[in-house]
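Me: I have a structure to go through, and I want to know what the words used for it rest on. Can we take them one at a time?

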Amino acid sequence: MMMKKLIAGNWKMNGGLTANDSLVQALLAGLAAQPAGCDVAVCVPFPYLSQVHGLLAQSSIGLGSQDVSAHESGAYTGEVSATMLKDFGVRYCLAGHSERRLYHGETDAVVAAKVQRALAAGLTPIVCIGETLAEREAGQTEEVVKRQLAAVIQANGHCISEIVVAYEPVWAIGTGKTATPEQAQQVHAVLRAQLQAASPQAGHIKILYGGSMNAANAAQLLAQPDIDGGLIGGAALKPADFLTIIAAAK
Ligand code: PGA
């Protein structure tokens with residue numbers, strides 16, 4: 001299915017005022033010289049949302065956060081709500097990144113609640129799912145990703161037509177081990193079928209691939225029929241690489 005692809009950078013816990021400024025300026029200069037044929041976003045650490053929002057003003061790059069609270073407001077020290085994100089011009093928020101699931105104990109139910117909060121505030125959640133190496137080797141890849149996505153579908157009903165899905169095999173994140181285009185496509189096709197069975201409006205839901213996507217392998221991955229973009233970690237911190245990936249997503 002042909003749709004505008006989305007290339008989203010996930011800066012993770014990297015950056016600083018000076019580094020962010022030069023990274024964003026380099027991206028803006030690159031996109032001024034060669035306009036993107038796809039949607040572009042950067043998911044930045046909470047404290048820098050305001051800075052990057054300012055830097056991105058007048059540009060078509062969308063601002064994203066890396067997390068959102070599962071709660072609306074109240075006594076949740078350290079949490080950031082979806083409506084607060086909205087105040088800072090945030091358009092996308094990652095939900096259920098594997099590093100959140102792994103290091104912060106986020107369950108499928110918590111991730112589903114985060115997606116609910118994001119959608120209620122008018123944000124586009126980028127729902128991250130993916131199997132570990134042990135799960136892949138045990139032949140459980142489809143079962144795991146379908147379970148993770150099913151929790152989000154169940155909690156959000158027809159509203160899921162407003163989400164973005166990112167398939168990120170955990171073993172490929174930050175490891176330099178990318179899923180082959182065939183491996184990724186196979187899982188994406190399964191997810192597409194699951195989404196279509198859940199909602200008649202699911203046809204336009206983007207399914208991104210993430211996990212060591214880089215300037216060298218992006219074109220091949222993005223050429224797969226069910227890969228609608230990428231969620232980029234390490235390579236999103238290098239403007240030339242990120243711009244090359246954007247150019248590959250025409
Ligand atoms: P990576 O990270 O591109 O560095 O593998 C991707 C992600 O964690 O979203």
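Reply: The questions below deal with a predicted model, taking the ligand and then a few residues.

Me: Which residues come nearest to the ligand?

Reply: There are 13 residues around the ligand, and Lys 12, His 97, Glu 168, Gly 174 and Ser 212 come nearest. By class, this shell has 4 nonpolar, 7 polar and 2 charged residues.

Me: What makes the pair formed by His 97 and the ligand a polar contact?

Reply: The cut-off for a pair of N or O atoms is within 3.5 Å. A polar side-chain atom of His 97 lies 2.7 Å from an oxygen atom of the ligand, so the pair meets the cut-off. For Ser 212 the distance to a ligand oxygen is 2.7 Å, and here the atom is a backbone N or O. In Asn 10, a side-chain N or O atom is 3.5 Å from an oxygen atom of the ligand.

Me: How much of the ligand does the protein bury?

Reply: Taken alone, the ligand exposes 280 Å², and the protein buries 95% of that. The space that the ligand takes is the second largest pocket.

Me: Why is Ser 212 called buried?

Reply: Buried means under 20% relative accessible area. Ser 212 has 18%, so Ser 212 is buried. Its place is in the loop between strand 7 (207–210) and helix 9 (218–222).

Me: What is noted about phi of Ser 212?

Reply: Phi of Ser 212 is near 55 degrees, a positive value in a residue other than glycine. Most residues other than glycine have a negative phi, so a positive value is worth a remark. Phi of Lys 12 is also positive, near 55 degrees. Lys 12 lies in the loop between strand 1 (6–10) and helix 1 (17–33).

Me: Why is Asp 108 called buried?

Reply: The cut-off is again under 20%. The relative accessible area of Asp 108 is 16%, and therefore Asp 108 counts as buried. Asp 108 is found in helix 5, which covers residues 108–120.

Me: How do you know that the side chain of Asp 108 makes a polar contact with the side chain of Arg 101?

Reply: The distance between the two side chains is 2.9 Å, and the limit is within 3.5 Å, so the contact counts. A polar contact of 2.8 Å also joins the side chains of Asp 108 and Arg 147.

Note on methods
Residues numbered from 1 in each chain as written. Predicted model: local features only at pLDDT ≥ 70, side-chain atom pairs only at ≥ 80, totals over all residues. Heavy atoms only, no water. Near = heavy atom within 4 Å. Polar contact = N/O pair within 3.5 Å; in protein donor to acceptor, adjacent residues only side chain to side chain. Areas by Shrake-Rupley, 256 points an atom, 1.4 Å probe, with all protein chains shown as cover. 1 Å grid on protein atoms, 1.4 Å probe; cavity = no way out; pocket = protein on both sides within 12 Å on 5 of 7 lines; lining within 4 Å. Sits in = over half its atoms within 2 Å of the grid points. Nonpolar A, V, L, I, M, F, W, Y, C, P; charged D, E, K, R; others polar. Helix = DSSP H or I, 4+ residues; strand = E, 2+ residues; numbered from the N terminus. Buried < 20%, exposed > 50% of the residue type's maximum accessible area, 1.4 Å probe, protein only.
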